[in-house]
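Biologist: I would like to learn how to read a sheet in a protein model. Could we go through one together, step by step?

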Amino acid sequence: MSSTQTPGTFTLGDRAVHRLGYGAMQLAGAGVFGPPRDREAAVAVLREAVANGVDHIDTSDFYGPHITNQVIREALAPYPKDLVIVTKIGARRDSTGGWLPAFSPAELAQAVHDNLRHLGLEVLEVVNLRLMFDVHGPAEGSIEAPLAALADLQRQGLVRHVGLSNATAAQVAEGRRICRIACVQNHYNLVHRNDDALIDALARDGIPYVPFFPLGGFSPLQSSGLSDVAQRLGATPMQVALAWLLRRSPNILLIPGTSSVAHLRENLAAAKLELPADAMEALDRVAGASAAG
């Protein structure tokens, strides 16, 4: 643990951030496409997050596209000095909202400049390369060419730190041979635990792991075992699922998303939720039952 870290923080790039942050994907319209149903509510959620100590916000210019970053700028600029905004590149949207790879050096450079412009920044703190060999999950393929292009943008001073998203363990290892990898952002939660070994390996090297869909994403987590633990602790199932992730490994940084101030407050309260040993055992059984199924 670095001298700047406390038990409730972890270093992302070269900044210590609180382990419970905010993911802005849900601030766009349905399917992460088009404008939010209520832009004022989206602005209010962002301001509430920062007012409650959130200093890590995850976004991308392909959310909307462009809209989520514009809402972040409207809500929060000029940005607090301690706020770390993490974005990602490597994909684009078609006219119907489909997700397409955008891996060429020109597309990656354009994406960095789009993020800078729409966020109103001169440099991006952390940029994740979102791998698109398979839209639905990690798939093998060399990342040398696109990562080298992103590392070049870093050398130009447009990007401070580089991360990977939707990556296999082999791709993380390949990436670390090309440049310093500041974080890995993959699908992981209580019942989707394919990255257990990767999380532990990254923890040994002090590299943050940032689960997306920590609450199940478009198919929210549902389990009688999870609900039973939540009822016993006087918490919501989603709070318990987030607390389990925080307990799972100290290098896990959370970015649950919501477009509701009430849900935001519920999520943030998970950072204070204590999980006794018997609750952790019950939750591990939930994960095991899911894997067996």
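Modeller: We will go from the whole sheet to one of its strands, bearing in mind that this is a predicted model.

Biologist: How do strands of a sheet pair, and what is the order of the strands in the open sheet here?

Modeller: In general, strands of a sheet pair through backbone hydrogen bonds, and they do so either parallel or antiparallel. In this model the open sheet has 7 strands with parallel pairing, in the order β3-β4-β5-β8-β9-β10-β11. At the edges stand β3 (22-23) and β11, each with a single partner strand, so one side of each has no neighbour in the sheet.

Biologist: Which residues are bridge partners where β10 meets β9, and over how many bridges do these two strands pair?

Modeller: Strand β9 (residues 159-165) pairs with β10 in the parallel sense over 3 bridges; V162 has I181 of β10 as its bridge partner, while S165 is matched with Q185 of β10. Q185 also has a bridge partner in β11, namely V210, and β10 pairs with β11 (residues 209-212) in the parallel sense over 4 bridges.

Biologist: What does the chain pass through on its way from β10 to β11?

Modeller: The chain crosses through helix α6 (residues 196-204), and this β-α-β crossover is right-handed. A right-handed β-α-β unit is also made by β9, helix α5 (residues 169-178) and β10.

Biologist: Why is β10 described as largely enclosed by the rest of the structure?

Modeller: Here a residue counts as buried under 20% relative accessible area. Because 6 of the 7 residues of β10 (residues 181-187) are buried, the strand is largely enclosed by the rest of the structure.

How values were computed:
Residues numbered from 1 in each chain as written. Predicted model: local features only at pLDDT ≥ 70, side-chain atom pairs only at ≥ 80, totals over all residues. Heavy atoms only, no water. Buried < 20%, exposed > 50% of the residue type's maximum accessible area, 1.4 Å probe, protein only. Pairing = 2+ DSSP bridges. Right-handed = clockwise from strand over helix to strand, strands pointing away.
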